[in-house]
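I opened the notebook to work through this structure piece by piece. These are my entries, in the order I looked things up.

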Amino acid sequence: MAIDCPYTGIVDYRQVALSFAQDFQEAGGSVLTSFEVKDIEMAGESPSRSEDEMKYPIVIRNTKGEEVQCQYVVTCAGLYSDRISELSGCNPNPQIVPFRGDYLLLKPEKCYLVKGNIYPVPDGRFPFLGVHFTPRLDGSIWLGPNAVLAFKREGYKPFDFNARDIVDVITKSGLIKLALQNFSYGVNEMYKACFLSATVKHLQKFIPEITIRDILRGPAGVRAQALDRSGNLVEDFVFDGGVGVIGNRILHVRNAPSPAATSSLAISGMIADEVQQRFKL
């Protein structure tokens, strides 16, 4: 049995994001890249600060010592949302646990087998969609993703490793409890990540003609999964501010449920409403 939805569309989300950025810039905004935030703090009253500067009481400072001054701050920091929110005094929970999703590529001569998006029925216990077939605008077909623990927040390769990230995951989050509660699921995902034949067997449930000779290893993404101390996956929005005066001028979007890209415009409207209420704009 299957549900046919012939009007499902696909987009190049990089182009969507660039279009959002262009709209923002045309409205008078600036986009700064390679600006790794180190501190968010209230600017002290100093004789050296002009009256105009005093209108912007928050200072965001990066690792290079560069600063941006502003009246209000909204952060949507993805894989670093917990660490960024802690800069304004927020509770460290929920912690972000990175899950890498590996994709496979269907060889060009076999792409004719896939006529549209094919999704399995998702497991309601987890926020992952399961391995699915995704046609791309360039004609390629992506198969995946799986869901395995990444050993680095930006760990897009299997052997990427960061000691701080791993220590935080083990000591601060509820990952161990999650792993114990869902041991068989985790082992199965790790097994499929290591052995292509296991993934192919799963894919054959939908297209029996696919064989291991028809696929190649492809790119990977990393999901910023919020996890509480009890090992529960956080599946709803989490908004936070912080403590003290600065907490009244900051909105941290610490978690946004999937599918965030598909729902980006609706989510942005929800965040805008939250901004108006919190900051009384």
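**Strand pairing.** I began with E5 and E9, which run antiparallel and are joined by 11 bridges. This is a predicted model, so everything I jot down here is read from a prediction. To fix one pair in my mind, I looked up Val 97 and found that its bridge partner in E9 is Gln 225.

Then I checked what else E5 pairs with. E5 also runs antiparallel to strand E8 (residues 148-149), with 2 bridges joining them. Arg 100 has Val 148 as its bridge partner in E8. E7 is another antiparallel partner of E5, again over 2 bridges. There I noted Leu 105, which stands opposite Trp 142 in E7.

Is E5 mostly covered or mostly open? I looked it up: E5 is mostly covered, with 11 of its 12 residues buried.

**Helix H6.** Next I turned to H6, residues 196-203. I found 6 of its 8 residues buried, so I wrote H6 down as mostly covered, taking buried to mean under 20% relative accessible area. The buried ones are Leu 196, Ala 198, Thr 199, Val 200, His 202 and Leu 203.

What covers the buried residues of H6? My list includes helix H5 (183-194) and the strands E5 (95-106), E6 (132-135), E7 (141-144) and E9 (215-227). I was glad to meet E5 again here, among what covers H6.

**H5 against H6.** I looked at this helix pair on its own. The two pack at an angle of about 105°, and their axes are 5 Å apart. Angles of 65 to 115 degrees count as roughly perpendicular, so that is how I describe H5 and H6. For the contact itself, I noted Tyr 191, Lys 192 and Cys 194 on the H5 side, meeting Leu 196, Ala 198 and Thr 199 on the H6 side. Sorted by kind, the residues of this contact are 4 nonpolar, 1 polar and 1 charged.

**Cysteines.** Last, I asked how many disulfides the structure holds. The count is 0. I followed up on Cys 76: the closest cysteine sulfur is in Cys 90, 13 Å away, and that is too far for a bond, because a disulfide needs the sulfur atoms within 2.5 Å.

Are Cys 76 and Cys 111 buried or exposed? Cys 76 counts as exposed, at 55% relative accessibility. Cys 111 is buried, and its relative accessible area is 14%.

Note on methods:
Residues numbered from 1 in each chain as written. Predicted model: local features only at pLDDT ≥ 70, side-chain atom pairs only at ≥ 80, totals over all residues. Heavy atoms only, no water. Buried < 20%, exposed > 50% of the residue type's maximum accessible area, 1.4 Å probe, protein only. Helix = DSSP H or I, 4+ residues; strand = E, 2+ residues; numbered from the N terminus. Contact = heavy atoms within 4.5 Å. Axes fitted to C-alpha atoms, helices over the stretch in contact; angles between N-to-C directions. Parallel < 35°, antiparallel > 145°, perpendicular 65-115°, else oblique. Nonpolar A, V, L, I, M, F, W, Y, C, P; charged D, E, K, R; others polar. Pairing = 2+ DSSP bridges.
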